[in-house]
Amino acid sequence: MWYHKPVVDEELLQSLPNLSVVASSGVGVDHLDLNLISSYGVKVSNTPFVVSTDTADLGIALMLASARRLVEGYEMATSPDTEYFPADWLGDEVSGATLGIVGMGTIGYKIAERAKAFEMKILYHNRSQRKKEEEGAVGAVYCEQVDDLLRQSDFVMLAVNLTPQTRGLIGRRELGLMKPTATLINISRGLVVDQDALVEALQKKIIKAAALDVTYPEPLPRDHPLLRLRNVIVTPHIGSATRQTRRLMMEEMAESIRAGLAGLPVPRRVL
């Protein structure tokens with residue numbers, strides 16, 4: 001499966017009685033009905049680890065681009081109407097700021113490693129606390145309650161899987177807890193954020209800005225308000241989109257398919 005296609009539903013499963021394995025690209029499996037697929041005796045694999053480095057890189061890139069207003073700056077620098085650069089056109093400092101990471105899995109931890117190089121204060125919320133030596137290596141502080149992280153962070157980075165528990169994780173109440181100077185960065189799934197609440201928070205300056213690699217739907221309707229707001233950066237779900245990683249994803253999917261067809265244990269099987 002690539003970009004969630006083809007759709008693996010009951011009709012497809014019934015039409016393919018010899019189906020052995022579904023190899024899905026990327027980390028998320030929220031587009032798959034795992035119970036339904038399993039009931040047909042079909043195994044599922046994904047490519048969870050190979051995407052982590054590039055996705056972490058993109059998260060940091062979005063944070064920097066939003067803080068330093070790179071998109072607006074490019075537009076100003078290249079506009080035919082620009083006659084001078086205003087001296088009071090300012091962004092926000094990243095070094096020394098507080099980064100709150102929601103979801104400290106492989107991607108979240110790689111984000112923390114990168115943020116450490118910027119001398120950021122790192123908070124994180126996760127289903128379970130990381131080992132003390134892992135926290136110490138990046139200088140991360142665990143927040144048992146996500147509310148505590150939201151109140152303290154200058155940048156909030158979402159790096160969670162989409163599950164019933166994380167769907168709508170960031171809504172009107174959570175956005176209201178954030179600093180009015182804070183930026184929300186989402187590299188997980190669009191449905192983790194209540195987009196209507198996010199639009200309202202951005203328009204009313206409840207938070208300062210947002211940088212989104214994921215939305216719902218994808219792409220957004222061309223008249224969606226998120227596409228018209230100056231304090232928003234939207235990219236086309238490119239967390240893993242480098243030539244090297246996409247090739248590795250294909251290789252891992254092929255490996256899983258070969259194993260499934262040969263009756264061998266499927267690498268990176270999703271249970």
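1. Starting with the record: an unreviewed UniProt entry annotates residues 2–270 as "domain: D-isomer specific 2-hydroxyacid dehydrogenase catalytic". Bear in mind that what you are looking at is a predicted model. Across residues 2–270, helix makes up 36% and strand 13%, and the end C-alpha atoms of the span sit 16 Å apart.

2. Helix 5 is a good place to look next. With 12 residues at 1.5 Å a residue, helix 5 should span 16 Å, and its end C-alpha atoms are 18 Å apart, which agrees. Its buried residues are Ile 107, Gly 108, Tyr 109, Ile 111, Ala 112 and Ala 115. What lies over them? The cover includes helix 3, strand 3 (98–102), strand 4 (121–125), helix 6 (132–138) and strand 6 (155–158). After the helix comes Glu 119, which has a positive phi, near 55°.

3. On to charge pairs. Side chains of opposite charge can pair when their charged atoms come close. How many salt bridges does a search of the whole structure find? The count is 16. One of them involves helix 5 again: Arg 114 and Asp 57 meet through their side chains, at 2.6 Å from N to O. Arg 114 belongs to helix 5 (residues 106–117) and Asp 57 to helix 3 (residues 52–67), so this pair ties together parts 57 residues apart in sequence. Both ends are partly exposed: the relative accessible area is 22% for Arg 114 and 36% for Asp 57.

4. Have a look at Arg 69 and Glu 72 too. They form a salt bridge whose closest N and O atoms are 3.2 Å apart. Are the two partners buried or exposed? Arg 69 counts as partly exposed at 24% relative accessibility, while Glu 72 counts as buried at 18%, because the cut-off for buried is under 20%.

5. Another pair reaches a long way along the chain. Arg 230 and Glu 75 form a salt bridge, with 3.0 Å between the closest N and O atoms. Arg 230 is in the loop between strand 8 (209–212) and strand 9 (232–234), and Glu 75 is in helix 4 (residues 70–78), so the pair ties together parts 155 residues apart in sequence. Arg 230 counts as exposed, at 54% relative accessibility; Glu 75 is partly exposed, at 35%. Elsewhere, Asp 147, Arg 173 and Glu 174 are joined into one network by salt bridges that share partners.

6. Now for two loop residues, beginning with Ser 188. Ser 188 sits in the loop between strand 7 and helix 9 (195–203). At 5% relative accessibility, Ser 188 counts as buried. Its side chain makes a polar contact of 2.6 Å with the side chain of Asn 186. Leaving aside residues up to four places away in sequence, Ser 188 touches Leu 158, Ala 159, Val 160 and Val 214.

7. Thr 181 is the other one. Where does Thr 181 sit? Its place is the loop between helix 8 (172–177) and strand 7 (183–186). Thr 181 is partly exposed, with a relative accessible area of 49%. Again not counting residues up to four places away in sequence, Thr 181 touches Asp 154 and Lys 208. Thr 166 lies 15 residues from Thr 181 along the chain, and their C-alpha atoms are separated by 24 Å.

Terms used
Residues are numbered from 1 along each chain as its sequence is written. This is a predicted model: local features need pLDDT of at least 70, side-chain atom pairs count only at pLDDT 80 or more; totals for chains, interfaces and linings use all residues. Side-chain values use heavy atoms; hydrogens and water are left out. Helices (H or I, at least four residues) and strands (E, at least two) are DSSP runs, numbered from the N terminus. Buried means under 20% relative accessible area, exposed over 50%, partly exposed in between (1.4 Å probe, protein chains only). Contact means heavy atoms within 4.5 Å. A salt bridge is a side-chain nitrogen of Lys or Arg within 4 Å of a carboxyl oxygen of Asp or Glu. UniProt positions are given in the numbering used here, feature names are shortened, and annotations may be inferred rather than shown by experiment. The expected span of a helix is 1.5 Å times one less than its number of residues. A polar contact is a pair of N or O atoms within 3.5 Å; within protein, one must be able to donate a hydrogen and the other to accept it, and residues adjacent in sequence count only if both atoms are side-chain atoms.
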